[in-house]
Amino acid sequence: MSHHDADDEVCNDSSNEHFQQVLERGTRTPLTRRHLIRGGVGLAALSSIPFLAGCGGGGDDAPAPATPNAPALGFNAITKSLLDDVVLPAGYSYSVLHATGDRLFSTETAYSNAGTEADDWSRRIGDHHDGMDLFYVDALGNYTTQDTGRAVLAVNHESSADAHFFHATGQTTNGVSGKKFSQFGGWDLGTRLESEVLKEINHHGVSVSELRKVGGKWTFQIDSSFNRRVTAQTVIDIAGPAVHLADIRALMVTKYDTSGATSRGTINNCGHGKTPWGTYLACEENWAAYFFMPAGSVDVDARTKVSRQRYGVIRAPNAAATAGSQGWSAVASAGTDSRFGRWDVSAPGATAAQDYRNEPNTFGYIVEIDPLRPNATPAKRVAMGRFAHEAAVCGIPVAGQPLAFYMGCDSQNEYVYKFVSTALWNPADVGGGMAAGHKYLDEGKLYVAKFNDTGTGEWLELNIANPLIAGYAPYTFAHQADVLVNARLAADAVGATKMDRPEWGAVNPKNGDVYFTMTNNSSRTVANADAANPRAYADNDGNAGSGNPNGHIVRLSEQGRASTAVAFSWDIFLFGAEADAGPAINLSGLTAANDFSSPDGLWFSPASGICWIQTDDGAYTDQTNCMLLAAIPGAVGDGGPATVNNSLGGNTGSEGTFIGAALGESKLRRFLVGPKGCEITGITETADGRTLFVNIQHPGERTNAYGAGPFVLQSQWPGVSAVNYLPAGRPRSATIVITRADGGVIGL
């Protein structure tokens, strides 16, 4: 089972328009300034529309926005690669910091890479390394923003799609080729082994490990008092707005905690965030696929069924049962051992306090962790909404103003969200830990984005006071807590814009512009293309795909640069494409030095100003493994309007949109290509910009299922590579450390 499968599920069957209804009122040609005025856009709003500065046609045009001083990229672009190794520009090298299965404490056995470990994995580095961040430690063991040569690294562990690599027998579904891990039962060994399932449960979550700079090199410190695992079994507080907390916890009641005040664990953590006060935000992404409904079981009531279908807990409409993709409830002791039984979400008990029917309600949140306080209990911040969270990036903090956190929901046709704190930012809260988290993340307003076809947008508040939510026919909201826990349905109700898989977000520290990757969308068509998702086409060479197989990056600028803004302007920063795709698809003019597909990870370097773009691709992997690119961005509005001419499945049409200024090879270059079958995801750096940390996830993802003989390994990285990180054999996810031979800032 590819871990991409859950992302590709379409759970949004709402009638929210993709703007085709709006656009069909006109000619579907790029909008002009006069068109906007005729259409009733007020003069006060014109200054926020991005294309006006560059559209020409009159002496009264607004001046071009100031572009921050941009440094030049200081490396030669590398070529595309199909090698089973990490490829970097000349003058750069990498080492492995830690990899799947490495022990945090010397009391555990060294990793065998043969699946023979007898422990339960709760004291080892997890699998599928993803989002991560660095936290400096001062002499007293407290958080500091200054580089002290000592830090803690927090790393997400997303999936167990490749769990066969750390089981001795390579447990799979019936040995079917391509099904690397069970999706529908029928295990090779005839059952699920408790020892195997415990490993799978515990390799999810977050690894926290201490790093020290020794001899100029950052190294992982085994046996540090900071070393810690947060797994799918860790006790976590349920936190939210005080006035709604009782209603929230009522929705979380399970046999494990009949008060609903706590839950167990975090799973499928993909993108991440870092708070201004120095805590880590792990984002629960495709958590819905972990649950199981035995054959013949039914949902508790109609509302539960609607909620589960909207989140993918039940994949198909009217389905009475679905098999869990992990099979964690198939362990023989599941009926008596809640570690396994909790993944069965049928309702055999008389009340929710007697079973785990509400267990899905306890997942899908931003999970705050204090990486420097191993005894601090993590918290799920319900006020920030429940969906398939992919990153939670904070806008530029301004003393005396609320904080804004931007979040994507990573599935096809889902939405972009914003949370605005009630509390005003006080820099004295730096180092405030979980107490600061309660202050800023439990009280606030949750919004969802609507991207208008004029290059403007609106933040729509998700509040039951809105008649569109209170009177939403497909689902009856009981109260505001229900709105937060079923945020996807509330976003449907207010008419948010369906996007092409919103994944990572990032904020440009130079101007506050907010960027979001739209990784791809196979369900995009000519009929439902819109201004913010304007392409619908077929990629017919190599790994054929259709819809929007190569993805794009959207960016927005808040009105007045304010965190509390309810209006914004937007454009499309970059379109992913193959260089030879033709101008109708390759709208950003990409070349062999910078063409890419399926942007996923996204991060700005405060030291260099570089926007780092990471890919998680299947459309271009016939020509290159996934990659990391460096971009020097401008600002929203530095480009202009454009027309996208679509052709797909015999249908044709055109869409008006807004494209950022062309970067060319001078401002966009390929910096890294990873090993076979991997995804490049997760990135952070030291404060001086001279050491870059990058995660290599699931190398060898396309390895065939285990059968009668040994694995036919697509990759053997990092054990067989330039660094030969042992033990060799099966591939492993890992965090790598990149430096320059001359000690300079990475990328410049």
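Start by selecting strands S5 and S6 together: they form a hairpin with two residues between them. Click on Gly-215 in the turn, and you'll find a positive phi of about 60°. Keep in mind as you look around that this is a predicted model.

Now color S6, residues 217–220, and compare its direction with that of S5: the two run antiparallel, joined by four bridges. To see one of those pairings, show Lys-213 and look across to Trp-218, its bridge partner in S6.

Stay with S5 for a moment and select residues 205–214. Is this strand mostly covered or mostly open? Mostly covered: seven of its 10 residues are buried.

Next, bring in the other neighbors of S5. Select S4, residues 150–157, which runs antiparallel to S5 and is joined to it by eight bridges. Then add S7, residues 228–230, also antiparallel to S5, with three bridges joining the two.

Val-208 is a handy landmark here. Which residue of S7 does Val-208 stand opposite? Arg-228. Ala-154 also stands opposite Val-208, so show these residues as sticks and trace the pairings on screen.

Time to jump along the chain. Select S34, residues 692–697, where six of the six residues are buried. Turn on the side chains and look along the strand: Leu-692, Val-694 and Ile-696 point one way, while Phe-693, Asn-695 and Gln-697 point the other way. Both sets are buried.

What pairs with S34? Add S33, residues 679–685, for an antiparallel pairing over five bridges. Here, Thr-684 stands opposite Phe-693. S33 and S34 make another hairpin to explore, with six residues between the strands. Pick out Gly-689 in this hairpin, which takes a positive phi near 75°.

Then select S35, residues 734–740, another antiparallel partner of S34, again over five bridges. For a marker in this pairing, show Leu-692 and find Ile-738 opposite it in S35.

For the last stop, swap strands for a helix and select H12, residues 487–494. How many of its eight residues are buried? Eight. Show the side chains and you'll see that the buried residues include Arg-488 and Asp-492, along with Leu-489 and Val-494. Several alanines are buried here too, among them Ala-487 and Ala-490.

Finally, step just past the end of H12 to Gly-495, which takes a positive phi of about 85°.

Methods
Residues numbered from 1 in each chain as written. Predicted model: local features only at pLDDT ≥ 70, side-chain atom pairs only at ≥ 80, totals over all residues. Heavy atoms only, no water. Buried < 20%, exposed > 50% of the residue type's maximum accessible area, 1.4 Å probe, protein only. Pairing = 2+ DSSP bridges.
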